[in-house]
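Trainee: I should like to go through the reasoning behind several labels applied to this structure. May we take them one at a time?

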Amino acid sequence: MEKRKVTVPLVCHGHSRPVVDLFYSPITPDGFFLISASKDSTPMLRNGETGDWIGTFEGHKGAIWSSCLDTKALRAASASADFSAKLWDALTGDELHSFEHKHIVRACAFSDDTHFLLTGGVEKILRIFDLNRVDVQPRLVDNSPGSIRTVAWLHSDQMILSSCTDTTGVRLWDLRSGKIVQTLETKSPVTSAEVSQDDRYITTADGSTVKFWDANHFGLVKSYDMPCNVESASLEPKHGNKFIAGGEDMWVHIFDFQTGEELGCNKGHHGPVHCVRFSPGGESYASGSEDGTIRIWQTGPVSHEESDLLPGNEPSGKVKAVADEVARNIESGLHIVGEGKTGETDKTTNA
């Protein structure tokens, strides 16, 4: 019998509760990095290529709903159910500042120029904090029609977008006027909104639909029905020829961008998939799940038959042994230095 190539993910343990958000940094001189948000109240930083744990940011007292890195991966931010958003030094893990809110904070995003932090949450207010003057009151952009679920910057930080937990559509705000200038209409609340690396597309997931919007003229480019309700979607950044989606069926689906044809799916998670994101070079993508794990998959052709050969798609042998050892060391509080390239291990300092 001919042996088929099977996609085996890197499995990243460490979180004790569901992983609800993932964010990749751009490629830096030290490589690229992945930060994860979990309901266990501790964002974690990893080497984006190998999945090696770099450090854990400790200080929140509630679930983390969102986390992100600035463009140079020097600072991190997190949004929490403890009514705060925190700014962190991504090299040392030190807390640089805590921005207090009056309710749960669900989303955060650094501006491209790294000078500002955007937050949103249950208060229905978008806040823009000046990171050069952290003690100054933030600019408020209110009149959001519902509790804010996602936020992002676009158009060289001249505009921001947001979606709501209980209201359909994506709203686009012009920061010069502070007004909503466009609403991208959807049938269900948008649970994921991603601006493509080249600023051409906005990718949204709502209900059982993934949509792609022109990020300049805001017209609908493509809309595809998914095999189940999906919570997150991401467009391949280098060629833009495929996208991934994950949701309640616990699988990570890969689709052709032009046709919507399903190219394959990766099985392995033991709970709904809450978040999926492509790495900045498109060579891999990560998924985070209700099962508390992050899985990093290599980009490549995957067929249903190949994926079914390993029902769990669990790593075997040495890969699994290393993953289990990492998990045990994290649980026992030991510091782990990743096995990445020399430049990438410079960041393994008590984060």
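Mentor: Certainly, bearing in mind that the model is predicted. Let us begin with Asp 130, which has a relative accessible area of 17%.

Trainee: Why is Asp 130 called buried?

Mentor: Buried means under 20% relative accessible area. Asp 130 is at 17%, and therefore it counts as buried.

Trainee: What makes the contact of Arg 133 with Asp 130 a salt bridge?

Mentor: The criterion is a side-chain nitrogen of Lys or Arg within 4 Å of a carboxyl oxygen of Asp or Glu. The closest N and O atoms of Arg 133 and Asp 130 are 3.3 Å apart, so the pair qualifies. In general, side chains of opposite charge can pair when their charged atoms come close.

Trainee: Which residue in strand E11 stands opposite Asp 130 of E12?

Mentor: Phe 116 stands opposite Asp 130.

Trainee: How do you know that E11 and E12 pair?

Mentor: Pairing requires at least two bridges between the strands. E11 and E12 (residues 126-130) have 4 bridges in the antiparallel sense, so they pair. In their hairpin, with 4 residues between the strands, Lys 124 takes a positive phi near 70°.

Trainee: What joins E11 to strand E10?

Mentor: E10 (residues 105-110) is joined to E11 by 5 bridges, and the two run antiparallel. One of the partnerships sets Ala 109 against Leu 118 in E11. The hairpin of E10 and E11 has 5 residues between the strands, and there Thr 114 has a positive phi near 70°.

Trainee: What makes E11 mostly covered?

Mentor: Of the 6 residues in E11 (residues 116-121), 5 are buried.

Trainee: Why is the pair of Glu 231 and Arg 149 called a salt bridge?

Mentor: Its closest N and O atoms are 3.2 Å apart, which is within 4 Å, so the label applies. This pair links distant parts of the chain, with Glu 231 in strand E21 (residues 230-235) and Arg 149 in strand E14 (residues 148-154), 82 residues apart. Arg 149 has a relative accessible area of 18%, which is under 20%, so it is buried.

Trainee: How many salt bridges does the structure hold?

Mentor: There are 8. Among them is the one between Arg 75 and Asp 70, at 3.3 Å from N to O. Both Arg 75 and Asp 70 are buried.

Trainee: How many disulfides are counted?

Mentor: A disulfide needs a pair of cysteine sulfur atoms within 2.5 Å, and by this rule the count is 0.

Trainee: Why is Cys 265 called buried?

Mentor: Its relative accessibility is 1%, which is under 20%, so Cys 265 counts as buried. Cys 164, at 0%, is likewise buried.

Methods
Residues are numbered from 1 along each chain as its sequence is written. This is a predicted model: local features need pLDDT of at least 70, side-chain atom pairs count only at pLDDT 80 or more; totals for chains, interfaces and linings use all residues. Side-chain values use heavy atoms; hydrogens and water are left out. Buried means under 20% relative accessible area, exposed over 50%, partly exposed in between (1.4 Å probe, protein chains only).
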